[in-house]
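Welcome, and please load the model in your viewer with a cartoon view and side chains ready to switch on. We will go from one selection to the next and say what is there.

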Amino acid sequence: MVKYCEVLALHDEHRTTRKRPKWCQKDAGPLAYVSLLIICLICWTSVFPSSLSHCAHISPIPTSSYVQRQNLLAELLHSLNASAYIAEPGANAAYFANISSSHWHLSERPLLLIVTPRVDEEGSIHATVTVLTPYFEATRAKLLPIPSASTVTFAEWPEDVDPYAVALSTIEHFQNSTVFVDNSIRHFIVDGLQEASPSTQVISAPVEIRRLRERKNEDEIEILKCANEATVLSIRAAREQMRIGMRESEVRALVEEAMAAAGLKNAFALTLFGENAALPHGSGTDRILGNHDFILIDCGGELHGYVSDVTRTFALPSSIISPRQLALWDLIHRAQSAALAKARNGTITAEVDHAAREVIAAEHLAPFFTHRLGHGIGIEGHESPYLRGGSDDIILTGHTFSDEPGVYIEGEIGVRLEDCFYINEIGEAVYLTAGVGGQATNPWKP
């Protein structure tokens with residue numbers, strides 16, 4: 001009983017002076033345990049009440065958007081003289097047909113999404129959607145929530161038949177044609193398709209198809225905005241519960257709980273104190289938070305299948321932060337701002353990375369900025385295109401990126417700040433977190 005009372009007291013700012021109630025005495029009886037359970041349940045559901053409804057007004061991607069995506073894909077296939085596009089359950093199949101890897105886990109038995117172009121009597125191009133499924137799994141496959149303007153066809157393959165031959169048989173004029181495959185598809189599937197029809201060219205989808213998913217529409221941007229806003233609000237809410245002396249694991253649990261309360265699924269919270277943050281993706285040591293430590297939290301979650309990603313390096317109200325720590329924080333903040341200012345429609349991605357790196361290099365700390373500036377974000381936490389040196393990708397309206405410069409001095413300190421942004425319809429970069437204030441203001445206002 002005493003142990004549970006100490007846990008409960010973590011949420012009481014005056015726990016060192018508060019008199020222990022009767023149900024926390026060592027001789028408390030069974031009724032006291034029931035009372036404590038009720039109080040714990042009340043506390044558990046009310047620690048983070050403020051963010052529960054933040055994204056309640058945001059709807060998932062509608063069926064009409066999936067149909068539009070499929071038809072745009074079909075038009076591209078037709079213009080590129082390709083007979084089909086094939087993908088496994090994953091990010092691309094989720095984008096075009098709502099078939100994610102959580103809907104259907106990958107195995108050695110292929111289940112494939114096949115999209116082919118169909119030209120109607122008026123010359124308009126429409127998508128035909130087919131799913132290749134193992135015969136014994138056909139009933140389950142037909143339960144997949146696949147949006148389509150017309151009936152989805154299911155091609156079933158028995159285990160004594162070549163599944164790749166069955167897949168290609170669903171495509172008109174596949175011989176001597178080109179079939180595009182998802183860039184993340186497993187090699188044995190590409191090999192199987194190629195062996196089933198040596199005259200067919202089976203190749204990765206070109207950039208024109210990749211850009212369909214890279215460039216987000218208004219519905220996607222609204223989901224990403226709310227997911228990232230809720231993530232920032234979760235960090236701020238969790239910070240109110242943090243205390244000097246807590247462990248990395250305790251703070252991580254607080255942040256993940258706050259994100260769950262905000263309605264985000266599959267939440268994660270990389271949590272590093274002090275010198276542990278010098279490893280950008282370190283696992284930490286579960287060390288105790290000291291008076292002179294920065295806290296680095298890199299976290300996110302999913303909303304309607306889209307991912308958030310936010311990093312804050314911050315202090316608590318009672319923290320004693322050195323001038324050097326403050327100077328590094330300010331440097332990273334300026335680098336982040338410089339990158340956002342550089343990002344515009346038509347800019348080369350490498351130039352945005354350079355803008356942030358130039359600010360850090362001016363303070364002779366370039367060797368300690370050890371990773372690229374950012375990555376695309378959407379259905380996946382890391383997706384193309386990327387903000388990195390050496391890239392010649394062009395930033396376009398609808399693109400979304402993380403902006404996350406950092407400095408990492410091993411054994412001493414790590415500072416990173418991350419907000420994601422999108423390129424709006426007039427070609428300007430806008431933080432997805434702008435609705436809740438955008439980037440952090442200072443180490444005490446994350």
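**Stop one: a pair of helices**

Start by selecting L331, I332, R334, A335, A338, A339 and K342 in α11, which meet E351, V352, A355, A356, V359 and I360 in α12. Colour these residues by type: the contact of α11 with α12 divides into ten nonpolar, no polar and three charged residues. Keep in mind as you look that this is a predicted model.

Now widen the selection to the whole of both helices, taking residues 323-342 for α11 and residues 349-361 for α12. Their axes come within 8 Å and cross at roughly 155 degrees. An angle over 145 degrees counts as roughly antiparallel, so α11 and α12 are roughly antiparallel to each other. Which hand does the crossing of α11 and α12 have? Turn the view until one helix lies in front of the other: α11 passes α12 in a right-handed crossing.

**Stop two: a cis peptide bond**

Next, select S384 and P385 and show the backbone atoms. The peptide bond from S384 to P385 is cis, and its omega is near 0 degrees. Most peptide bonds are trans. To place this bond in the fold, show strand β12, residues 383-387, where P385 lies.

**Stop three: two positive phi angles**

Most residues other than glycine have a negative phi. Two residues to visit here go the other way.

Select N81 first. Although N81 is not a glycine, its phi is positive, at about 60 degrees. Show α3 (63-79) and β1 (82-87) as well, and you will find N81 in the loop between them. Is N81 buried or exposed? Switch on the surface: N81 is exposed, with a relative accessible area of 65%.

Then move to D286, another residue other than glycine with a positive phi, here near 60 degrees. Look for D286 in the loop between β7 (265-273) and β8 (295-303). D286 is partly exposed, and its relative accessible area is 31%.

**Last stop: the whole chain**

Finally, clear the selection and zoom out. Coloured by secondary structure, the protein chain has twelve helices and 17 strands. How much of the chain is buried? Of its 446 residues, 52% are buried. With the surface shown, the protein chain exposes about 20600 Å², and carbon and sulfur atoms supply 53% of that area. If you draw the contacts with a separation of 6 or more, residues 24 or more positions apart account for 67% of them.

Terms used:
Residues numbered from 1 in each chain as written. Predicted model: local features only at pLDDT ≥ 70, side-chain atom pairs only at ≥ 80, totals over all residues. Heavy atoms only, no water. Helix = DSSP H or I, 4+ residues; strand = E, 2+ residues; numbered from the N terminus. Buried < 20%, exposed > 50% of the residue type's maximum accessible area, 1.4 Å probe, protein only. Contact = heavy atoms within 4.5 Å. Areas by Shrake-Rupley, 256 points an atom, 1.4 Å probe, with all protein chains shown as cover. Axes fitted to C-alpha atoms, helices over the stretch in contact; angles between N-to-C directions. Parallel < 35°, antiparallel > 145°, perpendicular 65-115°, else oblique. Left-handed = near helix turned anticlockwise from the far one by under 90°. Nonpolar A, V, L, I, M, F, W, Y, C, P; charged D, E, K, R; others polar.
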